[in-house]
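Reader: I would like to learn how to read a protein model feature by feature. Could you walk me through this one?

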2 protein chains.
Amino acid sequence: MATDKPFDRNALEQLINKRFFYAPAFGIYGGVAGLYDYGPTGCALQANILALWRNHFVLEEEMLELDTTIMTPHDVLKTSGHVDKFADWMCKDLKNGEIFRADHLVEAVLEARLQGDKDARFAQGHVIEKEVDKDDTKEPVAKKTNKKKVRVVAVALDAEVKQEYEEILAKIDNYTGPELGAIMHKYTIKSPETGNDLSEPEEFNLMFQSSIGPTGQLKGYLRPETAQGQFLNFKKLLEFNNDKMPFASASIGRSFRNEISPRSGLLRVRYVSIAFNTCIPNELVICLTILFAHSFASHSNSEFTMAEIEHFVDPLNKDHVRFDDVKDVVLNLLPASVQQAGKTDITPMTIDEAVAKGIVDNKTLGYFLARIYLFLTKLGIKKDRLRFRQHMPNEMAHYACDCWDAEIQSSYVRRRFLLICRDFFFASLGWIECVGCADRSAYDLTVHSNRTKEKLVVREQLPEPKVVERWQLEINKKVFGPKYKKQAKVLEEQLLAFSEQDLERHARELEQNDKFVVTVDGEQVEITRNEVTVQKVTVTEHGNEYALLFVCNLSYNLAHHPISPCCAVREYTPNVIEPSFGIGRILYSLIEHVWWAREDDENRNVLSFPAIVAPFKCALLPLSGHTSFVPIVRDLSYKLRRLNISSRTDDSKAAIGRRYSRNDELGIPFALTIDFQTVQDGTVTLRERDTTKQIRQSVEVVLQLLRDLSDETITWTSVLEKYPLFVAQEVDEQ
Amino acid sequence: MATDKPFDRNALEQLINKRFFYAPAFGIYGGVAGLYDYGPTGCALQANILALWRNHFVLEEEMLELDTTIMTPHDVLKTSGHVDKFADWMCKDLKNGEIFRADHLVEAVLEARLQGDKDARFAQGHVIEKEVDKDDTKEPVAKKTNKKKVRVVAVALDAEVKQEYEEILAKIDNYTGPELGAIMHKYTIKSPETGNDLSEPEEFNLMFQSSIGPTGQLKGYLRPETAQGQFLNFKKLLEFNNDKMPFASASIGRSFRNEISPRSGLLRVRYVSIAFNTCIPNELVICLTILFAHSFASHSNSEFTMAEIEHFVDPLNKDHVRFDDVKDVVLNLLPASVQQAGKTDITPMTIDEAVAKGIVDNKTLGYFLARIYLFLTKLGIKKDRLRFRQHMPNEMAHYACDCWDAEIQSSYVRRRFLLICRDFFFASLGWIECVGCADRSAYDLTVHSNRTKEKLVVREQLPEPKVVERWQLEINKKVFGPKYKKQAKVLEEQLLAFSEQDLERHARELEQNDKFVVTVDGEQVEITRNEVTVQKVTVTEHGNEYALLFVCNLSYNLAHHPISPCCAVREYTPNVIEPSFGIGRILYSLIEHVWWAREDDENRNVLSFPAIVAPFKCALLPLSGHTSFVPIVRDLSYKLRRLNISSRTDDSKAAIGRRYSRNDELGIPFALTIDFQTVQDGTVTLRERDTTKQIRQSVEVVLQLLRDLSDETITWTSVLEKYPLFVAQEVDEQ
């Protein structure tokens, strides 16, 4: 398949465009960066992927599917943290007003300089040649077309500078705007195309904003994820589920992200002009990388279809009743510890072992990782090009316990891996995260509950009293109140809402540093040892009303929890395990994985979608425009519809071979040919796409086979074992 | 069923809420008017409706389905006319700032006054009693609860006033803002709740606005319909279809409409307060009508799922190749002519006859009306509560040839029919348009083509020359240029883009009035007889290059059409027939149509969804929590999933009868009960929802039956004929 040869993305993009899988939206208006339309093939493929997703997840586990609104009022996303934190830092070319994402710019420029250094060393046999620098970097690229290659883009760096760059890149996701500004000053980073000065980084929220109703007073955003709609309905869902735990909700829908991409107006204008870039030619290479990163399969789609599951689970028991069904599934794991050691080696391991060894935090998380693997491979994603990468501690949201991404290898480069996989990149292959699977703890339900005063908890009848140890925070009111004055109340609420894990960490910090830091309304506040005590206490769950408040991993202010008269009731905020699927990325990766060219002819593209997701299952091909074929095609088409087998009739005048090729490019697994023998004896030929082999049987037999092949209840191999091959097509008119 | 008794919407709304079909979105935040979330039942029901839609329309006719973006740049919607015309007039209470949609307010107030008049006459035996007016209108409603009924809300009107009101209401959709303002002054219409003065009507665009990218320079809107995305892809679609005409594209997706509803923030606040309204008590009734109009099933959802088809057709041949398949389908028609005579009588007629008589404009339109009928009735919409209403000339867009709405009768009142159906309204039943089916002519493709200079046409090889008569407009450049100066070019383009119909009309106007009026950039310009000539000319299509430009119903400026060297090619802009489905309205209406209560117990609600759309197909009910049932339920659940039959397991401790009731309310057509006999002999009982009858057979037999019943390939009646009834459930533990 395609992996044996150098990957030719141009050829694939042409195919995708020609067979209208997708295309830039508003093309006749010049296009808008980040917006794509799915054509008939892409749309059918997407519908089949989603149908399989629904069967595999929703139906399989009786999940409660929701369809919630896209427009979301400000208050909801303020509470969830998106209004304050879902932002990137941008800076502006002070002369032409062009806008850059600050971290991307710093990363791209430093990467370019590092690559230049590497190339210089490589070109000169690892000797730093200052002349190279002098000769080749001051002139425009355009003049050098005849002496391109490595030497042209090579600029050597001092060893210390190189190390500083690498340290910055390793932490590139963690800088604040002012820090990025300081780096830009220190290393003289300018607007790459013009060399102009840049503004200081400013924050830009990534949500599309709008206002609801004619007064404009009710601010709204287009949702950045479907998750919030599911959290807000938690109470109704629990009730719908007859108060039974655990359970999962699910949602398929469009989400939005207003990306900082330069000149959002017209697509690709920027990248064409950059080819005539002058300053440091290396940046050319990296800017073209940004071009890739802004393409279809990347982060940067402004509008994308997600499929998300929120599995609500008891924080004290994250086992899963069906874990044993999947325990022997082997996953390619890339744990955080390996990455922290600067490596990307993959460890194949059963999910059972991964959970037992504590690499994957709990069985429910493990169950979903395995189920995600089974889903993706069923779609047609290649097993050896799929891995599960654990987030490193600094990547995760502060509330998350554990988080894994299912990453699929494709020709697109995941930006933040440029550094690690630079060699890889130049071979034009990379890993894109397509599914995230995070344990979000009780964060979301807790913040919405605090904000709305609506209890989002589970009440459980406790079988017998229990003695448990819990972390507990006590406030020294005498010091606390006077010190924080008006801020005291907000601060107190936040302190009392800490999770067990948070409390444990803060206890350690108090011990070591006599203080810990919390962020209130964007401001950092230091809490010292004389203001609070954090300690482990022993409590009995049954009979001790106060203890009930600390059972789950989030403790509450008393005011939120009126005590129930029955003390044997445990009340807790569920934790949430969230598998979240980026459907567009999966769809693109799948196309790459199933694409190949027939050996006899490189131009004969084939897309080997498994029948179950193929955009259309069957092509109907009358041998010619002869009138005797018309009623037969009509009848066959009718019968296929009755069996819910989607078909495309191709009665164009093109030769049958040409039409086969067309259908191969559409990824249609089966073709029925109607010829003169059909008119005589009612038989048709059935051709399979990958093998190009055919059988000839009666219409009735072929239709039954087609149904079973489309549902994947039988294989083509078994068909060939049962029925004789058909070789010669009768092409003459009788 | 429900229609026999007075319709109790409260009861239905409780059911919908309890079984979580849908609920106001952001409920725990107080809700936002016009935004709803679908719960697990509603979401599954919607998914099944959409799956059926895809099978019935897309698969059946090999339509080209697209999935296009929601975010749409300003230019596109400026061209389509939405930026300028997709607006309503609003006015403001000058003291409290409350906002009203001006036409709704005028309509509501005048309706209220007319109803008051009618009630007064009815109450007083058709005698106008001025005392009634005096007695009953000055006091608050709240004080009158004990002498409510008709007299309370009755205010008689003078005969001339009454007639004026009725004339205004008949034309209520056609007034401009200033005209509405004049009416409000003349008839002293004030803010209904407060009696305060109102501002002059101002225009408010109904699209949600946002901006794309960080500069904020690229204005965007959330699409108000999916149609534009389909038009913009026309060229790619035609190519995908191997240049074959006619063909249809289709799209399912979310659309948006920023409705003028008072206090968009919190739901229903306004309507509760209005119950204490004082001024004219009648307005209470009508304001409550507006409450209905703002509910789920109405126009006023800000976010809604649409399914739209754009069938592209040769304007000179609007026949449909499959028309004969549906020609005998009988539809309940309400033609424009009947409505213009002030009646609402329905004429049942075959679609063949309707087209033959010219009631329905053409066969393609007729074909789709019949297909819409077949779709809706297959879903479970009752045939006698479904009608097809033709738009009256003043309702249609100026470019539309013909337009029909499929209207479904439900308890919700369609606002603009209050006048016609007032008696109807008080019986609390009305018609809502759920599907529109319009012939949009070549309007959309033409305007986008003009704006982008991209040719959106079909090129057809002409078989032989033809002599045809066409309307032609010629500009007297000597007069025209000097008079219009800078405006001349824009004006000329517009004049040369007129359709045949427009030209014919303008020729008539020139003859009668020596002038006609065109609107350029919102300004009205009078074109007089000495500036242009409009006349009929005879042209030969083949061999006469110029003539080619006038073949289709939209003529072009020469500059847009470089002449092809082969003169026997016809180039035309296709017309578009657009069936457009409001999925939320269909879903709500369906729930009303299938809702009834068992005769023995009014509280035993049943939703008799046909199996094919029922949210879940099968309930799995273990008789009790006995451990021996657990593996059987698990195995059955697994087998059902393998057959793609969606099931819900209800293993709660509720009695089996209670659980049957619960499943009736969820509309689950079949239930399998696992009891102690199952453990012994592997048989289960299969119960059908509507009849409550049961059979008892082996698991294997029952699963096969379930599959065929779910696909609707067999009926329950045929099952009962084949298998004996099962009566006594074995409930004792063995």
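Reader: Let me begin with the sheets. In what order do the nine strands of the open sheet in chain B lie?

Author: Happy to help, and please keep in mind that this is a predicted model. Strands of a sheet pair through backbone hydrogen bonds, in either a parallel or an antiparallel sense. In chain B, the nine-strand open sheet has the order E3-E10-E11-E23-E16-E15-E14-E12-E13, with mixed pairing. Its edges are strand E3 (64-66) and strand E13 (347-350), each of which pairs on one side only. From one strand to the next, the twist averages 30 degrees.

Reader: How many bridges pair strand E16 with strand E23 of chain B, and in which sense?

Author: Strand E16 (residues 430-441) and strand E23 (residues 575-582) of chain B are antiparallel and pair over six bridges. To find the register, look at B:Asp439, which stands opposite B:Ile577 in E23(B).

Reader: Chain B also has an open sheet of five strands. Which strands stand at its edges?

Author: The order there is E27-E26-E28-E29-E30 (chain B), again with mixed pairing. Strand E27 (647-649) and strand E30 (694-698) of chain B are the edges; each has a single partner strand, so one side of each lacks a neighbour in the sheet. The twist in this sheet averages 25 degrees from one strand to the next. Within it, strand E28 (residues 670-674) and strand E29 (residues 683-688) of chain B run antiparallel and are joined by four bridges. As an example, B:Thr673 has B:Thr685 in E29(B) as its bridge partner.

Reader: Which strands does helix H26 of chain B lie across?

Author: Helix H26 (residues 656-665) of chain B lies across strand E26 (618-622), E28, E29 and E30 of chain B, and runs at about 165 degrees to E26(B). Helix H28 (residues 699-710) of chain B also packs on the sheet, where it touches E26, E28, E29 and E30 of chain B; its direction makes about 125 degrees with that of E30(B).

Reader: Now to the interface. How much area do chain A and chain B bury between them?

Author: The size of an interface is often given as the accessible area lost when the parts come together. Here, chain A and chain B bury about 7600 Å², with 58% of it on carbon and sulfur atoms. On the chain A side, A:Ile28, A:Tyr29 and A:Phe240 lose the most area to chain B, together 11% of what that side buries. The contact takes 89 residues from chain A and 89 residues from chain B.

Reader: How many salt bridges are there between chain A and chain B?

Author: There are ten salt bridges between chain A and chain B. One of them links B:Arg634 to A:Asp325, with the closest N and O atoms 3.1 Å apart. The two chains also share 40 residue pairs in polar contact. On the side of chain A that touches chain B, helix H2 (residues 40-59) of chain A gives the largest share, eight residues. The residues of that side divide into 35 nonpolar, 29 polar and 25 charged.

Reader: Finally, the backbone. Which peptide bond is cis in chain A, and where is A:Pro246?

Author: Most peptide bonds are trans, and most residues other than glycine have a negative phi. In chain A, a cis peptide bond joins A:Met245 and A:Pro246, with omega about -10 degrees. A:Pro246 sits in the loop between helix H11 (234-240) and strand E10 (247-256) of chain A. In chain B, the peptide bond from B:Met245 to B:Pro246 is cis, with omega near -10 degrees. As for phi, A:Lys485 is not a glycine but has a positive value of about 45 degrees.

Conventions: Residues are numbered from 1 along each chain as its sequence is written. Chains are lettered from A and ligands numbered from 1 in the order in which they are written. This is a predicted model: local features need pLDDT of at least 70, side-chain atom pairs count only at pLDDT 80 or more; totals for chains, interfaces and linings use all residues. Side-chain values use heavy atoms; hydrogens and water are left out. Two strands pair if DSSP finds at least two bridges between them. Helices (H or I, at least four residues) and strands (E, at least two) are DSSP runs, numbered from the N terminus. Axes are lines fitted to C-alpha atoms, for helices over the stretch in contact, and angles run from 0 to 180 degrees between N-to-C directions. Contact means heavy atoms within 4.5 Å. Buried area is the accessible area (1.4 Å probe) that two parts lose on being put together, summed over both. A salt bridge is a side-chain nitrogen of Lys or Arg within 4 Å of a carboxyl oxygen of Asp or Glu. A polar contact is a pair of N or O atoms within 3.5 Å; within protein, one must be able to donate a hydrogen and the other to accept it, and residues adjacent in sequence count only if both atoms are side-chain atoms. Ala, Val, Leu, Ile, Met, Phe, Trp, Tyr, Cys and Pro count as nonpolar, Asp, Glu, Lys and Arg as charged, and the others, Gly among them, as polar.
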